[in-house]
Amino acid sequence: MSTPGNQDAVASPVLSAAELAEVAEFGAERQVTEGDLLFAAGESSYDLFVVLEGEVEIVAVLGPDDDAEHEPIFVFGPGNFVGELNLLTGQRRFLTARVSKAGRVLVIPQPDFRRLMSLRPALAGVIFGALLARRELLRTGEGAQAIRIIGSRYSPEAMSLRAFAEHSRLAHTWIDVEDAEDIEALLGTMDLCPPDMPVVITPTEILRRATPAVFAEHLGLTYQPTPGYIFDLVVVGSGPAGLAASVYGASEGLRTVSLDAMAIGGQAGSSSRIENYTGFPNGISGGDLTARSAVQAMRLGARLNSPCEVVGLRVEAGFHVVVLRDGSEIPTRAVIVASGASYRRLDVEDLERFEGAGVYYAATDLEARVCSGRPVLVIGGGNSAGQAAIHLGEHNCSVTIAIRRDDLTQSMSQYLIERIVADPKINLLTGVEVDGLAGEDHLDEVTLRHTATGQEQTIPCSGLFCFIGAQPATGWLCDGVLLDGDGFVLTDRQLVGSLTAGTSAPLPFETSVPGVFAAGDVRNGSMKRVAAAVGEGSSAVRSVHERLATQS
Ligand SMILES: Cc1cc2nc3c(=O)[nH]c(=O)nc-3n(C[C@H](O)[C@H](O)[C@H](O)COP(=O)(O)OP(=O)(O)OC[C@H]3O[C@@H](n4cnc5c(N)ncnc54)[C@H](O)[C@@H]3O)c2cc1C
């Protein structure tokens, strides 16, 4: 078997004769001749192929009009299997598999692939490891050319597409028109013009003025209703609480779907390094942690869809009906509300104009790369602000942390304060608030007001990172779900005395509506930490079982 340079043993395991005998039970053999396509980019097909004899090449197709011959990204021979992480995520194929030497393959249809993954844990470990490794190779290598996002780093629309692609761990390439010497010439080569921006080029389509919703729909990642299907559990939100609920729900046999308005990860996905989550002594980026949980949930059988904003919830004929922004309705026996919280917006003129174009609510690698080497301002004195400042400093930004208080000691952990004090790239401004934003297409300057004196100070700023007061995402909940004065969901013991006579006593994590549970940051009194959200999401599933048992 020939192996292109980046192909390694984990990504391309060769199954032994004994393993081949095991997989044979799950599929059917097919003869293939040179030039046959096992699958083509753009197809929604999810069979796994095992090469028994001959050779299969994986190639990228660079846009709908591309008929050039490209070097193969992978070459698979006898004992290798052909497939990628999309077998679990439901993403349409973005690469093409072509037979380069005639032979035989074993075709394992998706339901049988899932059966294999659940019944043969040792083999599943090998296959799963390869699927993950392949995705990482594709994200960093030639495979990333198959999906290209083109736009300006200063465009909020382009930024939201990139954030969706990053959080969803899509193999893709970003082309920044700001780096082109002649933008019109660059776009002209692709038959595009500036008003088309941002553009997504996939193997089968060019999406002009693309949005995450259109992009996700095209990839097959949005929710597709199955008429007559009733879920046991709908989880609203795919942050740590929602992902944990999905892992436990699916692993314990509940038909589970998790829906997120933006992308997988929640607030944790915007954390550059989580240092206090057990099991990761050197810390782990929030993106990595939540991407692993998402794959785990899907491997165990949960469906995860995004962007899918939930806009309503009602009870009908003994079921809960979850309503999506596009009007789709999902009947389910139980709901876990894990919609978390998001940072409050600043009360300053022109904010909207600069959101995504200099004003950000997360400081992941994506935002840090956009601001790299420039002056930035971090607003807020909590741990998330501290982490953001350190991460931006690591990207060579000169960072100013601006807070209203006199110091950080009441709001930030000591280990972060020590690092900030020791970091020459980070400067702390106390007793100030933001008074104005300025810039043409993107943020250039921020005016701060010293609260004690009223004096104003204007500083250069390419990125303002806002981490002030989290607000719960509960606007979509039905009236029957009781909230506290700040909009956080009340559950179990917090409801004593508020329920109408005849309502059953709420189970742990249950809201005032039986069968609707809440976990994580959205819940009144929660710890607002990743580990706490994970614990609550997992524990809420225990109560879901108990409630469903009383219904059946
Ligand atoms: C920058 C940053 C750094 C942090 N660092 C740490 C740390 O180091 N350690 C730590 O323990 N904690 C940290 N935290 C806090 C931690 O991330 C949160 O406590 C945790 O993410 C809460 O998880 P959750 O699942 O409850 O909610 P969230 O993470 O808020 O996730 C909620 C999800 O629900 C989705 N959603 C909202 N409304 C809807 C809707 N209507 N329909 C569908 N989906 C919806 C959102 O898009 C979101 O993805 C940090 C937070 C931030 C922002």
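A polar contact is a pair of N or O atoms within 3.5 Å; within protein, one must be able to donate a hydrogen and the other to accept it, and residues adjacent in sequence count only if both atoms are side-chain atoms. The model is predicted: local features need pLDDT of at least 70, side-chain atom pairs count only at pLDDT 80 or more, and totals for chains, interfaces and linings use all residues. Residues are numbered from 1 along each chain as its sequence is written, and side-chain values use heavy atoms, without hydrogens and water.

**Exercise 1. Describe the surroundings of the ligand.**

Step 1. Take the shell, where near means a heavy atom within 4 Å. There are 36 residues around the ligand, and D260, Q267, N276, Q387 and D521 come nearest.

Step 2. Sort the shell by class. It holds 19 nonpolar, 12 polar and 5 charged residues. Here Ala, Val, Leu, Ile, Met, Phe, Trp, Tyr, Cys and Pro are nonpolar, Asp, Glu, Lys and Arg are charged, and the others, Gly among them, are polar.

Step 3. List polar pairs to ligand oxygen atoms. A polar side-chain atom of Q267 is 2.8 Å from one. A backbone N or O atom of G266 lies at 3.4 Å. A polar backbone atom of K528 also has a ligand oxygen at 3.4 Å.

Step 4. Check the cover. On its own the ligand has 1,000 Å² of accessible area, and the protein covers 93% of that. The areas come from the Shrake-Rupley method with a 1.4 Å probe; for residues, only the protein chains shown count as cover.

**Exercise 2. Is T491 buried or exposed, and what does it touch?**

Step 1. Locate T491. It sits in the loop between β26 (470-472) and β27 (516-518). Strands are DSSP runs of E, at least two residues, numbered from the N terminus.

Step 2. Classify T491. Its relative accessibility is 0%, so T491 is buried. Buried means under 20% relative accessible area, exposed over 50%, and partly exposed in between (1.4 Å probe, protein chains only).

Step 3. Find its partners. Beyond four places in sequence, T491 contacts F509, E510, T511, A518 and R523. Contact means heavy atoms within 4.5 Å. The side chains of T491 and R523 form a polar contact of 3.1 Å.

**Exercise 3. Place A102.**

Step 1. A102 belongs to strand β6.

Step 2. Its relative accessible area is 45%, so A102 is partly exposed.

Step 3. Neighbours within four places aside, A102 contacts V32, T33, E34, E53 and G54. The C-alpha atoms of A102 and Q31 are 7.8 Å apart, with their positions 71 residues apart along the chain.

Definitions and conventions. Helices (H or I, at least four residues) and strands (E, at least two) are DSSP runs, numbered from the N terminus.
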